[in-house]
Amino acid sequence: MDKYKVLKKYFGYTSFHPGQEEMIDSLSNGRDVLAVMPTGAGKSLCYQIPAILSDGISLVISPLLSLMKDQVRSLNQAGVPAAYINSSLTEGQIRKALRLAGEGAYRIIYVAPERLVSPNFLSFALNADIRLVAVDEAHCVSQWGQDFRPSYLKIAGFIGQFPHRPSVGAFTATATAAVRRDILKLLSLRDPKIVVSGFDRPNLFFGVETPRSKDQWILQYLSHHRDESGIIYCATRKNTDRLCDFLNAHGYLSTRYHAGMSNEERISSQDNFIFDRIKLITATNAFGMGIDKSNVRFVIHYNMPQSMENYYQEAGRAGRDGDPAECVLLYSPQDMIIGRYMIEHRERNEELSDGEFEELRRRDLEKLRRMEKYCTCPGCLRQYILEYFGEKAGSSCSGCSHCTGGYAVTDATWEARKAVAAAVELNGRCGLKNMAKVLCGTVREEDKKRRFSSLRCWKALDGMEETDVCDLLEALIQDEILSRSFPGGYPVINPGRLAEDILSGKKSFMWRRPAEKKESRNAPVRMENEGAWSEEDLMALLRGLRLTISQEKGLPPHIIFSDSALSDMCRKLPLTEREFIDVSGVGFRKAEEYGERFLQVIRSFCARFAIREISDDPKKGRQRKTYRQDQRLRFMLTPSEASAFVPSEEPCSMAHFAKVLSDLKEPSEVRKLFGVDVEGKLLSLDVLKKEKKETGEYAVPGPRAQEFHLSVQEKLSAKGTAYQTVLLSPEAQMMILRLYTAPEDQK
Ligand code: ADP
Ligand code: MG
């Protein structure tokens, strides 16, 4: 069997993700490897496929019991004989597992690193035909990483004892240079093939929101994501408890997880979440390590985390299955104050010298500052993330709240100058609110008024709303144009580090604010439309069946089928066993075990809505009719929704256009259109084509661009490199609108 056959037969996939093949080929040829790939990239397959292809036994060293259990269950479900040996088993069970392993019952054996030095295990390992040792979460070997595990240091010694050294694979998502060096050295890798794949997670949407009430924002969000599984991270235990109660009181069943709970409580919460019995979990950052649940559809941060490293790791728990998922950070300036307080009042670790402690604190404050910058930066969030982790990125992504027009950026240099001048003149006499009052001339009390009204900065920003001026001052503080200090125990505003640059004209100030939210229109009463169906309806049925099976078997739902496998069923609508095996994520074993039950649901759904039928004509074979194809497009406007569209006079970006169309849908509709969707559609119609450049692939005008009246604009990125963007003229907008409008009879 070759690797492609294994991929389809056991895992149900038809193509490899970037980097996987290289890793698989190298390991299969006996070469060591180091793979640095982001969460969800599919690292497990990189060692599981060589293990299945090899005649011998493969060991996988993994740091966490829950991870091992999850992976072994998945492998067994896929039809691969695998087992784990760790402290969750009794001595008797371990003896039995080792005996079976010695008899060749397992292809893949997962072990905790501590196990490598146990005499029983050693005597098994050194006598067995071990061809491959895979070290998962290899960063645990490094003290620079976040999850150092001293027992990982024993791995090299363990491998050194084999008369025929097996090939060694190291896998991690942590990419800093220091960690990578440690892995190479401390695991004694020999001439390894190294693959570092991009850190981007294209299926994740990144957003930063600054709502007035975070609680209300979350309620609103959840009302659009009812059936989905999600994590809400809070900074403190207290807030975790409070938010969990709040959500439950508002009808959103939620469980909780933090270090203040008993071990049993935590295990039960975690299980409820993993088994989809409860879809929502509110948690501190204690939750998540070792959680491989693949169908987490959103991760919301109620507070700003302490560093980008933490944020990307936590947010990255969304969408491991590759389906679209959202990561939203709810930011308020308060978060920065709390974060700084926590770092500055941290308890002294006795093992550190004064200098080291100071250095650590300095480093953490810097990390916090860079985290805050993410929350307040005017540009593309994905670009910010990738550049933070040392990768090149395009300046716009159509997959973050900034690129999809969630924010308006205006040049507020003039206003910034007025504010700096005021800070100089007031000379530390005012806090933020009072300063805003002075700038607007809205100080009430007469005597104060007398004191301030003779100042030059009095009413300097006359005409602006006081709340807007407060927002402006806050933004200036974040950009270090103003600063806030606490001389007498209460906060006052002073010029900041970069104040001079603003006054001298060396620097401009771009103010980023949430774009005006459209008033949500009154949702029209929906007509029950008999005969209409949507993918979501079928998805709900399939999820229901998955949950039933999960309860029958005592297995987490995502191990039975991932969300992406269920979505593919909705897309392909298989009606026969043959067709079922074509679904992505369906291997031979799962088709055998669950195929018929899922097929029944799909068949009766199709029959009910007369969606598909199979041709009886044997000559036509699998050429089947597919009805109402157009209804299956993900995003469609009804003619009446489309009639409300007004094209923008200026040529606009695809992201902006997609946002405008999405806004035409009634608020209860979950479906959204994104810039990438529009781009994909235009690519498929040859209106755009892909062009390869040094920094990646870009969509540029294609053969039919003229017909669609596309225009191209030259732009300069923040770094000064020139790039082109494709814009939609008013004519183009109308033409594309038609592509997204359902014909009259199918409202
Ligand atoms: P990692 O360990 O890199 O975080 P996993 O190995 O847990 O990622 O894989 C993440 C998800 O991607 C799993 O649900 C897995 O089944 C899926 N996956 C892996 N490789 C492929 C592939 N080639 N095609 C489709 N899905 C894949
Ligand atoms: Mg993994």
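Me: Where is the place of His258 in this structure?

Reply: The model is a predicted one. In it, His258 belongs to the loop that runs between strand E10 (254–257) and helix H11 (263–274).

Me: Is His258 buried or exposed?

Reply: The class follows from relative accessible area, and buried means under 20%. His258 has a relative accessibility of 5%, so this residue counts as buried.

Me: Which polar contact does the side chain of His258 make with another side chain, and which backbone nitrogen does it reach?

Reply: A polar contact is a pair of N or O atoms within 3.5 Å. The side chain of His258 makes such a contact with the side chain of Asp241, at 3.1 Å. The His258 side chain also reaches the backbone nitrogen of Gly260, at 3.0 Å.

Me: How should one read the surroundings of ligand 1, and which residues come nearest?

Reply: One may begin with the residues around the ligand and then turn to individual atom pairs. There are 14 residues around ligand 1, of which Tyr13, Gly40, Lys43, Ser44 and Arg320 come nearest. By character, the shell divides into five nonpolar, seven polar and two charged residues. Helix H3 (residues 43–53) provides the largest share of this shell, with three residues.

Me: Which atoms of Ser15, Gly40 and Arg320 lie at short range from ligand 1?

Reply: Two of these cases involve the backbone. A backbone N or O atom of Gly40 is 2.6 Å from an oxygen atom of ligand 1, and a backbone N or O atom of Ser15 is 2.9 Å from a nitrogen atom of the ligand. For Arg320, a polar side-chain atom is placed 2.6 Å from an oxygen atom of ligand 1. On its own, ligand 1 has 570 Å² of accessible area, and the protein covers 84% of that.

Me: How many aromatic pairs are there, and how is one of them described?

Reply: A pair of aromatic rings is described by the distance of the centres and the angle of the planes. The count for this model comes to 20 aromatic pairs. One of them joins Phe561 and Phe580, with 6.1 Å from centre to centre and 80° between the planes, an edge-to-face arrangement. Phe561 lies in the loop between helix H22 (557–560) and helix H23 (563–572), while Phe580 lies in helix H24 (residues 577–581), so the pair ties together parts that are 19 residues apart in sequence. Both Phe561 and Phe580 are buried.

Me: Which residues form one aromatic cluster, and which charged residues lie over rings?

Reply: Phe199, Phe206, Tyr312, Tyr388 and Phe389 form one aromatic cluster. As for charges over rings, Lys9 lies over the face of Phe588, 4.9 Å from the ring centre. The charged end of Lys214 is over the ring of Tyr302, at 5.4 Å from its centre.

Me: Which residues other than glycine have a positive phi, and where are they found?

Reply: Asn427 and His709 may be read side by side. Asn427 has phi near 50° and is found in the loop between helix H16 (413–426) and helix H17 (432–440). With a relative accessible area of 59%, Asn427 is exposed. His709 has phi near 55° and lies in the loop between strand E21 (696–701) and strand E22 (710–716). His709 is partly exposed, at 39% relative accessible area.

Me: How many residues apart in sequence are Arg513 and Pro378?

Reply: Sequence separation and spatial distance are to be read together. Arg513 and Pro378 are 135 residues apart in sequence, and their C-alpha atoms are 8.5 Å apart in space. Arg513 belongs to strand E17 (residues 510–514) and is partly exposed, with a relative accessible area of 28%.

Technical notes: Residues are numbered from 1 along each chain as its sequence is written. Chains are lettered from A and ligands numbered from 1 in the order in which they are written. This is a predicted model: local features need pLDDT of at least 70, side-chain atom pairs count only at pLDDT 80 or more; totals for chains, interfaces and linings use all residues. Side-chain values use heavy atoms; hydrogens and water are left out. A residue is near a molecule or strand if one of its heavy atoms lies within 4 Å of it. A polar contact is a pair of N or O atoms within 3.5 Å; within protein, one must be able to donate a hydrogen and the other to accept it, and residues adjacent in sequence count only if both atoms are side-chain atoms. Accessible areas come from the Shrake-Rupley method with a 1.4 Å probe; for residues, only the protein chains shown count as cover. Helices (H or I, at least four residues) and strands (E, at least two) are DSSP runs, numbered from the N terminus. Ala, Val, Leu, Ile, Met, Phe, Trp, Tyr, Cys and Pro count as nonpolar, Asp, Glu, Lys and Arg as charged, and the others, Gly among them, as polar. Rings of Phe, Tyr and Trp (its six-membered ring) pair if their centres lie within 6.5 Å; planes under 30 degrees apart count as stacked, over 60 as edge-to-face and the rest as tilted. Buried means under 20% relative accessible area, exposed over 50%, partly exposed in between (1.4 Å probe, protein chains only). A charge sits over a ring if NZ of Lys or CZ of Arg is within 6 Å of the ring centre and within 35 degrees of the ring normal.
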